[in-house]
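User: Could you walk me through this model, feature by feature? I would like to learn how to read each one.

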Amino acid sequence: MAQSATTGAAAAQPVTTRGRPPSPRRAGGRPPGRMSRAAVHHPWWFALPAVVIFGGFFLLPNLLNFYYPFTDWSNYHTDINWVGTRNFREILDDGTLWRALRVTLVYALLAAFFQNLFGLLLALLLEKDTRFNRFFRALFFLPVLISALAVGYVFQALLNTDGAINETLGTDVPWLGSTSWTIVLVAVVHGWKWMGLAMLIYLAGLKGIPGDMLEAARADGAGPWRMFWSVRFPMLAPAVTFNVTTSLLGSMNTFDIVQATTGGGPASSTEVMNIYMFRVFGQGQWAEASAMSLVLFLVVVAMAFPLVIGLRRREQML
Amino acid sequence: MRRTATAVALIATAALTLSACSDDTAGTANGTGAGGSGGGEVDPTARLDGVELTFWTAQNTVNAADQVIEAFEEATGATVNVEAIPDLYEQNVPTRLASGERPDLMFWQPSISTLPFIQPRQNLLPLDDEPWVGDLGPTEQSLGVIDGTRYAAIVTSPAMLGVYYNKDVFAEAGITEEDFPTSYEELLELGHTVQDRTDASAFYEVGGDQWPLQWQVQVQLTDLPETWWEGLNRNEESWTDPAVVDAITTYNEELLGAGLAQEDYRTGTFTGQGEALWEGSSAMALNVTSFQSQLQAQHSTEEIDERIGWFPIANSEARGLYSPDQTNGVVAFATGDEERQNAARQFLAFWLGPDYADFLDARKIPSVQPDVPNPEGMPQTAVDQVGELADAHGVFQAKAIVAPELHVALADMIYGERSPQEVAEFVEDQFDDIARDQGAEGF
Amino acid sequence: MTAVLDTPGPRNAPLGPRIWRWARPTIVVALALVVIGIPLWLVLATSAKPRGEAINPNLDPPDHWQPGSNYADALDQGEMMRGFANSLLVIVPSVVLVLILGAAAAWVFARRRGKLVATAYAVCISGLLLPPAIITIVLQLRQLDLAGTRPGMIAVYTAMYLSTSIFFMTGFIRAIPYELEEAARMDGAKPLRIFLRIVLPLLRPVIATATIMVMLYAWSDIFYSFFVLGGGDAATLPINLYQVASAELYQENWHLIFAYVVVMSLPMIAIFLVAQRRIVSGITSGAVK
């Protein structure tokens with residue numbers, strides 16, 4: 001989730017022309033030796049601290065991340081030497097790269113799916129603005145407020161083979177011990193943690209549907225089911241796009257829930273890229289960790305690109 | 001605005017050039033490596049008023065040296081400040097060192113695979129001529145040495161790897177001490193006997209916590225000669241050696257495949273292992289001394305003596321394996337401050353000299369010095385283990401220059417995600433990578 | 001409009017809606033009991049159990065209640081007060097910086113035009129989507145002598161969340177009538193004064209939302225803080241929790257873990273209860289309009 005949750009926020013904000021400053025005169029138009037009006041009224045140094053911090057502690061590391069994966073940077077010696085693509089060849093050869101990539105993508109897709117499914121169902125259940133509903137909305141929002149690490153531990157205690165769920169049901173199911181299903185379960189936990197946020201956004205989306213539109217549909221004799229699929233769901237589209245994309249990109253960057261429930265197991269079947277980086281970094285193989293970090297970066301960029309274009313288009317439409 | 005861009009570009013390039021090329025801060029060499037090792041004469045109780053020493057420990061060993069520290073402070077007037085470094089200790093200590101911090105003393109696993117983490121040659125005081133070196137038992141003396149130089153004082157005896165068994169289950173199966181196995185093969189046969197005659201599973205295996213998985217393979221590697229390990233460390237031998245692959249295969253097929261482990265061995269936990277052995281739902285647990293600590297945390301010495309026994313096992317004999325851990329060794333840092341360096345060495349001499357018997361008594365742990373007897377009140381399993389230490393084999397963590405994560409690959413194997421051959425290849429790859437990172441010769 | 005939403009189906013529909021009227025609250029309550037109630041009960045009950053009962057966590061009520069000593073242990077062994085102070089010392093400055101620097105930059109980005117501004121803006125909001133390169137951040141902080149320090153962590157958090165606040169605020173400022181500034185300018189106000197007196201106060205709603213969002217992520221962050229702070233004296237609450245949970249392999253201490261979880265979650269829950277309306281409207285009004 002991290003930093004992307006509010007992406008759509010301002011994107012969807014109506015951009016009114018009213019607030020725009022009058023177009024500055026073209027550069028050539030102003031008398032030489034004098035600053036433009038914009039420069040006087042909104043001096044660039046207001047932006048400087050933000051640009052410097054962002055450039056220095058976000059952009060620069062990402063640029064360096066294109067260099068260090070090609071070195072032998074490690075805990076064991078002080079010099080850093082160029083080694084070409086060795087680190088990438090290694091994670092390619094032993095299959096780690098594809099596995100981590102596959103696990104991360106599967107996890108992100110599943111997590112985004114569950115988060116939105118739960119969020120939408122809750123929003124539909126709690127749509128009316130009553131006291132009863134407001135109370136339960138707050139209750140379902142609770143997991144959002146609890147740290148993801150804590151959520152992970154809670155579900156580990158529930159799902160362990162000798163944990164609370166098996167004990168209550170009298171079963172002996174290794175919930176966290178399946179190489180194919182555990183990842184689904186952890187994604188459900190992820191969905192559980194963030195469903196409250198998705199719910200709020202869907203609620204807002206539902207509220208934004210014009211009343212006369214619903215009236216018209218009702219006058220046409222649409223039943224509740226058809227009402228939902230042909231009128232309300234299409235109108236929810238912006239909320240869906242926003243929720244799906246942010247949860248998808250956010251869960252690409254996941255760590256804490258997985259670390260706290262499975263630690264990447266069983267048999268590395270839930271070892272997402274960040275867990276791999278964490279593990280390899282701990283062994284002192286810093287360049288290898290950096291290589292995986294670069295792969296994650298590139299994958300996210302590849303996924304974010306269509307998204308940005310989509311958001312832009314919507315912004316222009318509004 | 002153009003100037004902004006230029007400024008940003010400038011800052012960016014400056015920072016780029018700054019950080020490219022080398023990570024100077026990683027384990028800064030301090031140049032005073034051998035400073036102050038002026039002969040072996042150390043007076044353990046010389047006055048040290050006003051001297052302050054910093055001692056790093058892990059979270060779970062923060063009180064381990066309390067007795068020594070108190071006694072030392074009283075005897076010399078020095079002050080020793082204990083600072084707990086958070087878990088994961090082996091990961092966080094190098095990070096702290098990299099940021100330039102140096103304690104004077106620190107608990108550290110004295111094995112050749114773990115010492116390189118802290119770059120001993122640059123960071124640590126050599127301890128070859130200390131007065132206590134000759135007092136250590138033979139196994140203890142072999143620990144803490146890298147490339148012929150001693151960097152760690154051995155203060156507690158290393159963990160022992162062996163088989164813990166439930167005495168009631170063994171009695172029910174009619175197994176007596178004469179039936180104890182003298183080879184891994186016999187151990188498996190014994191397992192079948194137990195399962196045929198009782199309801200208990202022969203072994204409790206810990207797939208959930210992973211790390212104990214390695215022991216079943218490790219005990220089968222004891223017939224590899226010393227020269228093989230030396231060859232491995234020069235990249236002349238490989239983990240894909242048939243001996244290693246066979247050991248993994250045997251574990252996979254003749255123990256797990258033959259149903260000698262409890263049903264949920266894939267998700268079994270360390271805690272579960274303790275419970276299962278205590279209740280007798282499993283007959284045996286192959287594990288190191290921390291298993292015993294787990295029992296001791298919950299049961300009294302008498303209860304343990306009554307219910308749990310221990311015997312050593314290796315591939316073709318009844319010998320134990322020792323496994324060094326973080327509480328066994330203490331290293332002293334080359335801080336560049338002569339007075340503190342000497343005080344640190346004096347502290348070690350005090351610990352392993354006049355104070356040692358009191359220290360053991362306070363902790364109820366076995367001695368590393370043949371001349372200092374073990375304290376009273378240790379469980380019999382612990383006494384048995386100490387007896388085996390002198391001629392024990394070492395686990396690979398103590399023999400290979402890099403300790404690969406065999407257990408991670410084995411965890412993949414028990415889920416059918418890797419074959420024994422692939423487990424060996426994973427281990428070899430990782431060994432190779434890190435050995436090369438360490439700059440070991442031949443890699 | 002609410003009148004319309006009051007009835008989910010047509011008013012005269014025969015059976016469905018009437019059942020729904022009863023079924024819906026039942027489903028909601030049942031769902032809440034299972035989905036929220038069980039985990040919540042597990043946490044609260046286990047945090048009050050003695051260690052022996054908590055080794056295998058279950059849903060039974062504690063035979064022996066000892067919340068006091070568990071919470072005292074968690075406070076003490078988990079060094080909770082230190083963690084709490086550390087979390088505050090890192091997060092509060094980060095949030096303040098994110099807001100102030102973000103607002104100042106957003107003002108420029110919203111009001112000035114031209115290729116350079118557009119580019120700078122695009123670059124500054126790229127952090128919305130791009131993941132931080134945490135491994136190289138560590139290296140860089142070491143070179144700057146900031147590794148393992150609070151200023152280092154603050155710089156990293158600030159850089160990570162600046163994009164969000166700039167993006168947010170730029171959109172918001174664009175919607176503020178330009179005339180408001182213009183009027184103040186006529187009175188001879190300097191840019192700094194206009195920014196402080198006119199723009200910042202108008203930004204209040206976004207500031208609230210941005211604060212909440214940053215808090216939501218930063219308060220529970222473990223991944224980045226682990227690389228940057230790595231525990232030690234500056235360890236934050238989540239790092240402490242991680243250490244309590246992973247310390248001493250052979251002692252499963254669920255009762256302490258959960259006592260820790262409860263105490264650690266309380267501040268966020270308290271903030272939510274106090275500012276619930278603002279948070280909800282902040283999140284939703286921003287997200288979909």
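**Reading strands, helices and interfaces**

Analyst: Happy to. Let us begin with a single bridge in chain B: B:G162 has B:N287, in β9(B), as its bridge partner. Please keep in mind throughout that this is a predicted model.

User: How many bridges join β7(B) to strand β9, and in which sense do they run?

Analyst: The general idea comes first. Strands of a sheet pair through backbone hydrogen bonds, and the pairing can be parallel or antiparallel. Here, β7(B) and strand β9 (residues 282-287) of chain B run antiparallel and are joined by four bridges. Strand β10 (residues 308-311) of chain B also pairs with β7(B) in the antiparallel sense, over four bridges. In that pairing, B:V163 has B:F311 of β10(B) as its bridge partner. Strand β11 (residues 321-323) of chain B runs antiparallel to β7(B) as well, with three bridges between them. There, B:L161 stands opposite B:L321 of β11(B).

User: Is strand β7 of chain B largely enclosed or left open, and why?

Analyst: Burial is read by counting neighbours around each residue. For strand β7 (residues 159-166) of chain B, eight of the eight residues are buried, so the strand is largely enclosed by the rest of the structure.

User: Which strands form the open sheet in chain B, and in what order?

Analyst: To read a sheet, follow the strands from one edge to the other. Five strands of chain B form this open sheet, in the order β2-β1-β3-β12-β6, and the pairing is mixed. The edges are β2 (79-85) and β6 (152-154); each has a single partner strand, so one side of each is left without a neighbour in the sheet. From one strand to the next, the twist averages 25 degrees.

User: How does β6(B) pair with strand β12?

Analyst: Strand β12 (residues 329-332) of chain B and β6(B) are antiparallel partners, with three bridges between them. One bridge to look for is that of B:A153, whose partner in β12(B) is B:V330.

User: What lies across β1 and β2 of chain B?

Analyst: That is helix α3 (residues 89-98) of chain B, which lies across β1 (52-58) and β2 and runs at about 120 degrees to β2(B).

User: Could we zoom in on one residue of this sheet? Is B:G329 buried or exposed, and why?

Analyst: B:G329 is a good one to try, and you will find it in strand β12 of chain B. The cut-off for burial is 20 or more other C-beta atoms within 10 Å. B:G329 has 25 C-beta neighbours inside 10 Å, so it counts as buried. Sequence distance can mislead here: B:G329 and B:I154 are 175 residues apart along the chain, yet their C-alpha atoms are separated by 4.6 Å. Leaving out residues up to four places away in sequence, B:G329 touches several others, including B:F107, B:W108, B:L143, B:A152, B:A153, B:I154 and B:P324.

User: Now helices. At what angle do α10 and α18 of chain B pack?

Analyst: For a helix pair, look at the angle, the axis separation, the handedness and the contacting residues. Helix α10 (residues 242-256) and helix α18 (residues 420-438) of chain B pack at an angle of about 130 degrees, and their axes are 8 Å apart. α10(B) and α18(B) are therefore oblique to each other. The crossing in which α10(B) passes α18(B) is right-handed. Among the residues making the contact are B:V244, B:I248 and B:N252 of α10(B), along with B:P420, B:V423 and B:A424 of α18(B). By class, the contact of α10(B) with α18(B) holds six nonpolar, three polar and no charged residues.

User: How far apart are the axes of α7 and α9 in chain A?

Analyst: The axes of helix α7 (residues 148-159) and helix α9 (residues 182-207) of chain A are 11 Å apart, and the helices pack at an angle of about 130 degrees. α7(A) and α9(A) are therefore oblique to each other, and α7(A) passes α9(A) in a right-handed crossing. Here A:A148, A:V151, A:F155 and A:L159 of α7(A) meet A:L185, A:V189 and A:K193 of α9(A). That contact has six nonpolar, no polar and one charged residues.

User: Finally, how many helices and strands does chain C have, and how many of its residues are in contact with chain A?

Analyst: Chain C has 15 helices and zero strands. Of its 289 residues, 53% are buried. As for the interface, 97 residues of chain C are in contact with 98 residues of chain A. Helix α8 (residues 150-174) gives the most to this side of chain C, with 16 residues. By class, the side of chain C that touches chain A has 70 nonpolar, 19 polar and eight charged residues.

Terms used:
Residues are numbered from 1 along each chain as its sequence is written. Chains are lettered from A and ligands numbered from 1 in the order in which they are written. This is a predicted model: local features need pLDDT of at least 70, side-chain atom pairs count only at pLDDT 80 or more; totals for chains, interfaces and linings use all residues. Helices (H or I, at least four residues) and strands (E, at least two) are DSSP runs, numbered from the N terminus. A residue is buried if 20 or more other C-beta atoms lie within 10 Å of its own, exposed if 12 or fewer, and partly exposed in between; C-beta atoms are placed from the backbone. Two residues are in contact if their C-beta atoms, placed from the backbone, lie within 7 Å. Ala, Val, Leu, Ile, Met, Phe, Trp, Tyr, Cys and Pro count as nonpolar, Asp, Glu, Lys and Arg as charged, and the others, Gly among them, as polar. Axes are lines fitted to C-alpha atoms, for helices over the stretch in contact, and angles run from 0 to 180 degrees between N-to-C directions. Angles under 35 degrees count as roughly parallel, over 145 as roughly antiparallel, 65 to 115 as roughly perpendicular and the rest as oblique. A crossing is left-handed if the near helix is turned anticlockwise from the far one by less than a right angle, and right-handed if clockwise. Two strands pair if DSSP finds at least two bridges between them.
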